[in-house]
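Me: I would like a close look at one part of this model, namely the sheet and what lies against it. Please set out the pairing in detail and then place that part in the chain.

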Amino acid sequence: MTIAVRAATTDDADSIVEVSLRAWEEGFRGIVPKRIDPRQAWNPERLRARLREPGETEHSVAELEGRVMGYVVVGPCRDHDAPARTGEIWALYVHPDAWRLGLGRALVRHAFGELGGAGFRAATLWTLAESPSARAFYEACGLARDGASQRREALGSSLEIRYRIALSERRVGGRAVRSCRLCLPSLEQLYVLSQRSALE
Ligand SMILES: CC(C)(COP(=O)(O)OP(=O)(O)OC[C@H]1O[C@@H](n2cnc3c(N)ncnc32)[C@H](O)[C@@H]1OP(=O)(O)O)[C@@H](O)C(=O)NCCC(=O)NCCS
């Protein structure tokens, strides 16, 4: 079984929408009210535009035997109470046909690498309180609840809880900074990079 994670391109938009809608249907059934139609949010044209101009986010896909079966988006944390250098997993979906094969874990590992490489010191995410599978998954990935909760109309006011993890210092100042769109390297990181180059 071959799992590969790579940057998403505009050619992936249809596959990503399919993966996300199927994951939403299976994963959120009985939790998010039926009046919330995920097709409003998941539209291939809109996604293609976002992939063309990702701004401060990074979009990646996981392929299983060459077929796109998972999707993750990371960026700076959007919460008003976020400490500096906090990143966020904005979205994460794996097609139900590929659940429990390790794609989710591979995507989270990749997400942490992207965020750590961009200088973020911690990562957070929101997930549904009533989804035992998502909670078990994030806990298996090393995240822990930080006590925050919220309700948003986009999810039919279902209760969401926040998870957090500290990112390894080792990744800060790593080479990924130079190619990452998430943020510009800080002066401190540029200094570390110049020191590394001088030593190599
Ligand atoms: C949550 C989700 C991303 C997990 O993806 P996945 O590829 O199935 O996860 P993995 O195979 O990498 O699982 C890694 C570990 O997480 C835990 N885990 C994953 N799914 C689980 C479940 N349904 N029940 C209990 N534990 C689970 C296990 O410890 C698993 O390791 P194991 O299979 O060796 O026991 C996927 O189920 C999904 O897309 N769900 C719907 C959308 C969603 O909830 N997204 C996240 C919140 S927005």
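How many bridges join strand β6 (residues 144-151) to β7, and in which sense do the two strands run?

Reply: Five bridges join β6 to β7, and the two strands run antiparallel; strands count as paired if DSSP finds at least two bridges between them. This is a predicted model, in which local features need pLDDT of at least 70 and side-chain atom pairs count only at pLDDT 80 or more, while totals for chains, interfaces and linings use all residues. Residues are numbered from 1 along each chain as its sequence is written. Helices (H or I, at least four residues) and strands (E, at least two) are DSSP runs, numbered from the N terminus.

Within the pairing of β6 and β7, Ala144 has Arg164 of β7 as its bridge partner. Strand β7 (residues 159-166) also pairs with strand β5 (residues 122-128), again in the antiparallel sense, over seven bridges, and here Leu128 stands opposite Glu160 of β7.

These strands belong to an open sheet of seven strands with mixed pairing, in the order β1-β2-β3-β4-β5-β7-β6. Because β1 (3-7) and β6 stand at the edges, each with a single partner strand, one side of each is left without a neighbour in the sheet. From one strand to the next, the twist averages 25 degrees; angles run from 0 to 180 degrees between N-to-C directions, and axes are lines fitted to C-alpha atoms, for helices over the stretch in contact. At the β1 edge, β1 and strand β2 (residues 58-64) pair in the antiparallel sense over five bridges, with Arg6 opposite Val61 of β2.

Helix α1 packs on the sheet, where it touches β2, β3, β4 and β5, and its direction makes about 85 degrees with that of β3; two residues are in contact if their C-beta atoms, placed from the backbone, lie within 7 Å. Helix α1 (residues 13-28) also packs with helix α3 (residues 44-52), at an angle of about 120 degrees and with the axes 9 Å apart. That angle makes α1 oblique to α3, since angles under 35 degrees count as roughly parallel, over 145 as roughly antiparallel, 65 to 115 as roughly perpendicular and the rest as oblique. The contact is made by Ala13, Asp14, Ile16 and Val17 of α1 together with Pro44, Leu47, Arg48 and Leu51 of α3.

Two loops that adjoin β4 each hold a residue of unusual backbone geometry, given that most residues other than glycine have a negative phi. Arg85, in the loop between β3 (67-76) and β4 (86-94), has a positive phi of about 60 degrees although it is not a glycine. Arg100, in the loop between β4 and α4 (103-117), likewise has a positive phi, of about 65 degrees. Arg85 counts as partly exposed because it has 17 C-beta neighbours inside 10 Å, and Arg100 counts as exposed because it has 10; a residue is buried if 20 or more other C-beta atoms lie within 10 Å of its own, exposed if 12 or fewer, and partly exposed in between, with C-beta atoms placed from the backbone.

As for the chain that carries this sheet, its secondary structure comes to seven helices and seven strands, and from the N terminus on the elements run β-α-α-α-β-β-β-α-β-α-β-β-α-α. Buried residues make up 31% of its 200 residues.
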